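Here is a small set of exercises to work through with the model open beside you. Try each task before you read its solution.

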Amino acid sequence: MIGIFKPAPHRTALPTGQVDGHYKKLRWQIFAGIFIGYAGYYLVRKNFSLAMPYLISEMGYSRGDLGVALSAVSIAYGLSKFLMGNVSDRSNPRIFLAAGLIMSALTMFAMGLMPWATSSIAAMFVLLFLNGWFQGMGWPACGRTMVHWWSKKERGSIVSVWNVAHNVGGGLIGPLFLLGMLLFKEDWHAAFYVPAAGAMLVAAFILLVMKDTPQSCGLPSIEEYKDDYPENYDKSHEEELTAKEIFFKYVFRNKLLWYIAIANAFIYLIRYGVLDWAPTYLSEAKDFSVDKSSWAYFLYEWAGIPGTLLCGWISDKVFKGKRAPAGIVFMLLVTVAVMVYWFNPAGNPTIDMLALVAIGFLIYGPVMLIGLYALELVPKKAAGTAAGLTGLFGYLGGAVAANAVLGYTVDHFGWDGGFMLLTASCVMSVILLAMSMKHITTEKKAVAQPA
């Protein structure tokens, strides 16, 4: 393992009377670190989508070519979330999370300030691939942190709240882009370098507030502190696992984990198929101006905040911790919203905006549920890798299709062809989630030991 990422050593245990106060203080502090930190990752993840209309109109690139370039982020992110997730399971998340964000911001500075960076599809593909790889260091580090600092009975709520960091960060890209255009004389390259400056400030905040495990701060494990032990828990759950143990004992042999990973591919195709192409689709098919498209992008992301919280609450309270039924309800409603977004004729911008807001409100709940489910299916020392497997399928199977396949589909069959692909993905996600309900009774067995 790279030495700089090495986990922090355990410290001498604090006196019993100091444990509760330190735990409460550090949990608020650490949550701020992973929430603001992960929102910072989204400042430098999807900037390229806002620049695509300019790359088409001013530089002559086709939608299909730009879709190929954009797919580099998803390819690299999927691989990195899985492989770097394994490194994250054996690393100090304070260093790991900050390092990924700094390198991602530097890549976006290059795309915004270096003319060669957007001079060819090959150059853009390479830089976006690097950005995607560094982006893959974010989720696993946050997942490792959450399973070490919050116990199983409280984790559903904390993951739901943390998950809206996606939307906070992603939603700020549009306003930051407009601010950059205002400050830098309509320079569309501001889509890259203005959010990158914000991301560097967030990285400094991560280094200031984050910690590694409770034991590295002189505190007991979260299971001991909350008296909330998962089934078959013992002291070995606090020991660092080898890469071989994580991959072959807890991930590759876990059948239920593979099952939800496949479902994730279709959900991600919808998520990014709508999000990445919203500025281009609204501009070309619905006659939206640049400022309206940017605000639509913002509203799509921020609508996911209440939607994610509602989905988590429904899965916990209405369906008693069963994730699939809540996911099915939300994906059925996504299907309806996608079809309204598709069939609404140009000239009705309010309906388009409401449909886009509805998709954003609904899609992030199922995304969150699958990530949470993956964390619960393995021991906490393998959490990053488990989440990485679902991310691998989501990004390589779903987001790549949303970028490259959807781009070429629209080039050859128009936007109707693209929306047929999105609608079919909605249907497949519902079918797979419904099929997964047959396996709910095996969940406890899957948690206790790999299938």
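The exercises below go from confidence to the core, then to a helix and the cysteines.

This is a predicted model, in which local features need pLDDT of at least 70, side-chain atom pairs count only at pLDDT 80 or more, and totals for chains, interfaces and linings use all residues. Residues are numbered from 1 along each chain as its sequence is written, and side-chain values use heavy atoms, with hydrogens and water left out.

**Exercise 1. Find where pLDDT stays under 50.**

Step 1: Recall that pLDDT is the predictor's confidence in each residue, from 0 to 100. The protein chain averages 83, and 91% of the residues score at least 70.
Step 2: Go to residues 440-451, where pLDDT stays under 50. For this stretch the model has 19 contacts (heavy atoms within 4.5 Å) beyond four places in sequence.
Step 3: Where pLDDT is low, the predicted coordinates should not be read in detail.

**Exercise 2. Describe the largest nonpolar core.**

Step 1: Such a core is a set of buried Ala, Val, Leu, Ile, Met, Phe, Trp, Tyr and Cys residues joined through side-chain atoms within 4.5 Å. Buried means under 20% relative accessible area, with a 1.4 Å probe and protein chains only; exposed means over 50%, and partly exposed lies in between.
Step 2: The largest core has 142 residues, and Phe 48 and Met 111 are among those with the most contacts inside it. Its largest share, 18 residues, comes from helix α16 (residues 383-436); helices are DSSP runs of H or I of at least four residues, strands are E runs of at least two, and both are numbered from the N terminus.
Step 3: Leaving aside neighbours within four places in sequence, Phe 48 touches residues including Leu 55, Met 111 and Met 124.

**Exercise 3. Is helix α6 enclosed or open?**

Step 1: Twelve of the twelve residues of α6 are buried, so this helix is largely enclosed by the rest of the structure.
Step 2: Check its length: the expected span is 1.5 Å times one less than the number of residues. For α6 (residues 138-149) that gives 16 Å, and the end C-alpha atoms are 17 Å apart, which agrees.

**Exercise 4. How many disulfides does the structure have?**

Step 1: Look for cysteine sulfur atoms within 2.5 Å of each other. A search of the whole structure finds zero such pairs.
Step 2: For Cys 142, the nearest cysteine sulfur, that of Cys 217, is 16 Å away.
Step 3: The sulfur of Cys 311 is 15 Å from the closest one, in Cys 426, which is too far for a bond.
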